[in-house]
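Student: I have a structure open and would like to talk it through with you. Could we start with the contacts between chains and then move to the ligand?

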Amino acid sequence: MEIKDSYELPLPKERVWAALNDEQFLKKSIPWCEKLERRSETELAAEVKLKIGPMSTRFTGNITLSDIDPPNGYTITGSGKGGIAGAASGSARVKLIEDKDTLSTTLSYEVSAQVKGKIAQLGSRLIQSTAKKLSKNFFGSFVKQLEDMDKS
Amino acid sequence: MNEVTKIDGIGSSVRRTEDKKFLTGKGRYTDDINRPGQVQAYFLRSDVAHAEIKSIDTKAAQSAPGVVGVFTGADIAVDKVGGPICGWVVPCRDGSSTKEPPHPLLAQGKVRFVGDAVAVVVAETMEQAKSAAELIDVDYNELTPVVDFVNADKGAQIHEEVPNNCYFDWELGDEGATNKAIERAAKVVKLSVRNNRLVPNAMEPRSALAEYDSLDESYTLHTTSQNPHLTRLVLAAFMFAIPESKLRVIAPDVGGGFGSKIYVYIEEAVCVWASKKIGRPVKWTADRTQAFLTDCHGRDHVNDVQLALDENNKIIGLRVDTVCNLGAYLSAFSVVVPTILHGTLLSGQYDIPAIYTNVKGMATNTVNVDAYRGAGRPEATYLLERTMETAAKEVGMDPAEFRRINFIPKDAFPYQTQVALQYDIGDYEPHLDKAMEMIDYSNFEKRRAEAAKRGMYRGIGMSSYIEACGLAPSAVVGALGGRVGQWESASVRVNPTGTISVFTGSHSHGQGHATTFAQIVADKLGIPMENVEVIHGDTDKTPFGMGSYGSRSLASGGSAISKAVDKIINKSKKIAAHLLEASEDDIDFKDGKFVVGGTDKEKAFGEIALAAYVPHNYPLETLEPGLEENAFYDPTNFVFPSGTHIAEVEIDPATGVVEVVDWAACDDFGNLVNPMIVEGQVHGGIAQGIGQALLEDAHYDENGQLLTASYMDYCMPRADDLPSFKVGYTNTPCTHNDLGVKGCGEAGAIASPPALINAVIDALSPLGVTDMSMPATPQKVWKAIQESQSVAAE
Amino acid sequence: MYSTKYIKPNSTSEALEAIKSMGEGKFLAGGMTLIPTLKQRLASPDGLVDISGCDLDSISDEVDAIKIGAMTKHASVGESGLVKKAIPALAKLADGIGDRQVRNRGTLGGSVANNDPSACYPSAVLALKAIVHTNTRSIEADEFFTGMFETLLEENEIIEAISFSKPAKANYVKFPNPASRYAMVGVFVAQFNDGVRVAVTGAGEGGVFRHAEMEAALSSNYNADALSALEISSEGLISDLHASPEYRANLIKEMTKRAVV
Ligand SMILES: Cc1cc2nc3c(=O)[nH]c(=O)nc-3n(C[C@H](O)[C@H](O)[C@H](O)COP(=O)(O)OP(=O)(O)OC[C@H]3O[C@@H](n4cnc5c(N)ncnc54)[C@H](O)[C@@H]3O)c2cc1C
């Protein structure tokens, strides 16, 4: 399952990169994120309450940053356990490409997701759509926050 | 002729006597039974497919409300309880034997499929057990899962004892002669086919209720089993090392098995073990998700086929190379199904002078694969009948005629195949002819043309199958690697008033034994069927027997009953001779009466029964009182039902939907005891075959997660997926059992998938489509049509 | 841990009061979706407010529309003389949901509030210019559905009824998922004086949606042929075990053609 998309931001790459490493930014971007705490340079502890239709489950887990290549991108991986619901993980390869002329940056991502246990067994029809939706929510609100900040 | 015999006897479509309770919801299944002080078990299962267990922390669960015990593999290891066993192994090409890795009752060190049991929580209620299980923390070190069984040899090793993830590499037949035939053939037809993976979906999920009696140190287990005596044997001898007499196994009403309830599962054993540990009765019942995850699945099997033809289109050789998926652990019949029950059937209804097959059984991180309705024979029939149809098309012959010229001729029986079996009897052209007549084969092209006018593609396809059921004789079974005998037992007890209790070692989980077996006894003794009661499923009541699978119940179990009744009649004649003051040789038994030949002196069966139990006027010096006989019947051969099924379909090219519009099934089951029950078995079998061919597909993703674990995604056949079946029969009575019967339980599921897929391909043949894998889902068919159109456009 | 409070009030206002007293409460309608979720332990609300006693199951004729109470069961909609006469397509849709048992419990409000991407009713709501009446407002269909399993409903907002506009002509054709028999693709076509509306369910990643191109084509010519030349995009369509986006795109066109008769 591969999900790709990209956004254009009227901001220099360094600004976007800084935001990608700012946990406050990340927390606001992660859909239904209830808790995010930095554990180390590359690791954050997270708690997310995921609601899909009638289902509502709390996932606890980690967000790790890897393949870090400042300021060009990284891989951000979230993996969490949802108790009886099973477990889910998603990994996004994020790339920043700056257009020197317009001083804008293209943020592109490629997501792969994996689910385990009950959510895989009972919700297979929804996995792809949900992964797409969550990635869109995450990057969409990340980009929106940046834009809003830029405006204000 | 006696009225009663006419109504109830062999050959009558008597309504099933057991149905009243089932249809009114009064069946008594394992989960309906409750014992005082009973507690509930819940299994915590792995949600990863392949991992080392780093640690299991059960502390929080131990002290959760209602919990009476939490156990893991370590506890099982301490008590040295053995695991489930494989009931049949085969030799490998390199001279080694099947690799049999251990299968602990609860995971020890490693988990090997999603659903593998890691711990069991026993609590006052199921809800408490479930809640406590959520508090168990298992730390896994995940390993790469092996899901693709065809390439499993290149995957991470699942068991230390199984190098290259290959349980066995087996062969049968003459490789040299077969390869030579392929070399000198005028034409070699090649085909690769796959049998999709199926979930058995018995209506009743598995369940177990175990109770330990500390006074006489014995256990009672109620369980969902097709073979309670084998369950007792495995539990007593291989797992717990206790005398059989200390364990009573009862399989009460069982709601379907289809092969998935042959195996003795870890849950039953854990309940037995925990019942003593805790000192209270322990019950476990699977929910539907657990059934999907942990019931043994069926099929999952690929074949490369080469069929060699001479210049007259006669088959001169057949080579089949097979790889099959056996899953994470071996189970009862997982090894015999793709080997003995598949390889030996490769001659089908055809006279094939050279056959060779090689089968590799692979381990993967998926649940075990075991017998499923047909077990091996559907796989053999599918590859053969798909190849026959393809060959006919390739050589430009009508598929029926191509089959006809290759049939084993009627006068060639008994016929020795090149793959070990000897068919005692058969006659294949009549059922081919009759099936063609039933479906109006000769006018098919008119119907195709009419459908085309409506924009529909219509196709016809057939399958002439052979089935071998009633595995036998024991000596041969043993020589082939079987670890049990394959006889069946019966005990017939005549009660003082002349009513009869029949105790069978066979087991009914939907087949209608209570009716069919009673009919046999009623017919032979000339008494009303209501006077006959059939008792099965309780090791304390019935003689040791093998249970029901492989369409063996009537051919083996029914024959044992027949033998026991013969003994009753013989003894009764002696009693009658005494009472009638005649010589035993002069006594005729007819219509329930013992008559002195040529006189009107007679005694009714009931009078004999009474005399046996009230022996006031009785030859006690030469004859024991009482009237009760046992028989253990070991058949001298398999029975070989055969038949031809023809399917007709219409395909909507806009959606890819395949509609089964007509179906003709003409089967040779030998003599029919209850034609209505037989027809029901045929219907059910075809429905399951249509399910396999069009709808059902168990799908694991690349991580070993089962994505089709509910009816949202696993597609079962429904009534409106099926046409009204035309069912007919021919009859060549079995030569080696008294009743002349064969088996009918699996034939429908064996015959139907290739007939249907052949019909689908035939329908699409105007588009140039030559292959279609199962299940032929709307999307797949639509895609094939699209691709053929884009090829045509190029 | 999984215990939950169950309350069955007699009016909507009592229901609202009850749910507000809970930390995380849920309205319980037919329970055909909610109860299995609870049994699977995939949700653990601290309370259930059963709204079956709140008098929300009447069907009435409002001249230009048929108003159906949120608690009306699928079976009742399927059998309703009013519905069958004014909007037979809606009765047909209701009759084709699940099986008899499900139709005897599942409700209009539950289905629409849940907005399952494969559910049938949302397509009727969207195509029939329906108005969703809640305890606080009336929402137009075009605004109501906001994404997969998402609607404009606020927390603790209750659907009381839905008014479906009477079309000149309408039809619903569903291609059932072979396993679940939910819509793999369902198309509701409705012709009004001011144009044709085509709503597609089962296919979109964001749930039910209107198909502008087909609407335009059918508005100028209400005939299956009008669709022949259209290329249906597979962009944004659901991909799952049963159907690829391309196959769904094909079904959208095919089901629409079949709906236009
Ligand atoms: C076997 C099966 C087959 C099915 N097949 C189909 C099918 O083919 N097509 C189809 O469209 N559907 C199908 N369904 C879904 C079913 O028809 C119901 O529509 C659906 O389950 C929701 O309705 P309900 O009344 O059962 O709601 P519930 O399960 O009680 O509730 C669902 C959700 O809606 C909320 N809710 C309920 N009523 C209101 C309200 N008035 N206001 C605000 N929120 C509310 C609840 O809080 C809950 O979150 C099927 C269901 C099953 C079990």
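Student: How many salt bridges does the rule find across the interface of chain A and chain B?

Tutor: Bearing in mind that this is a predicted model, the rule finds one salt bridge across the interface of chain A and chain B. A:Lys116 forms a salt bridge with B:Glu142, and the closest N and O atoms are 2.7 Å apart.

Student: Which elements give two or more residues to the side of chain A that touches chain B?

Tutor: Those are strand S7 (104-116), helix H3 (118-122) and helix H4 (124-151) of chain A. By class, that side of chain A has five nonpolar, five polar and three charged residues.

Student: And how many residues does the contact take from each of chain A and chain B?

Tutor: The contact takes 13 residues from chain A and 17 residues from chain B; between them the two chains bury about 1200 Å², with 49% of it on carbon and sulfur atoms.

Student: Switching to the ligand, which backbone atoms lie 2.7 Å from a ligand oxygen atom?

Tutor: A polar backbone atom of C:Gly31 is 2.7 Å from an oxygen atom of the ligand, and a backbone N or O atom of C:Met32 lies 2.7 Å from an oxygen atom of the ligand. On the side-chain side, a polar atom of C:Tyr182 lies 3.0 Å from a nitrogen atom of the ligand.

Student: How much of the ligand does the protein bury?

Tutor: Taken alone the ligand exposes 960 Å², and the protein buries 90% of that.

Student: Which element gives the most to the shell around the ligand?

Tutor: H7(C) does, with four residues, and by class the shell has 15 nonpolar, ten polar and four charged residues.

Definitions and conventions. Residues are numbered from 1 along each chain as its sequence is written. Chains are lettered from A and ligands numbered from 1 in the order in which they are written. This is a predicted model: local features need pLDDT of at least 70, side-chain atom pairs count only at pLDDT 80 or more; totals for chains, interfaces and linings use all residues. Side-chain values use heavy atoms; hydrogens and water are left out. Contact means heavy atoms within 4.5 Å. Buried area is the accessible area (1.4 Å probe) that two parts lose on being put together, summed over both. A salt bridge is a side-chain nitrogen of Lys or Arg within 4 Å of a carboxyl oxygen of Asp or Glu. Ala, Val, Leu, Ile, Met, Phe, Trp, Tyr, Cys and Pro count as nonpolar, Asp, Glu, Lys and Arg as charged, and the others, Gly among them, as polar. A polar contact is a pair of N or O atoms within 3.5 Å; within protein, one must be able to donate a hydrogen and the other to accept it, and residues adjacent in sequence count only if both atoms are side-chain atoms. Accessible areas come from the Shrake-Rupley method with a 1.4 Å probe; for residues, only the protein chains shown count as cover.
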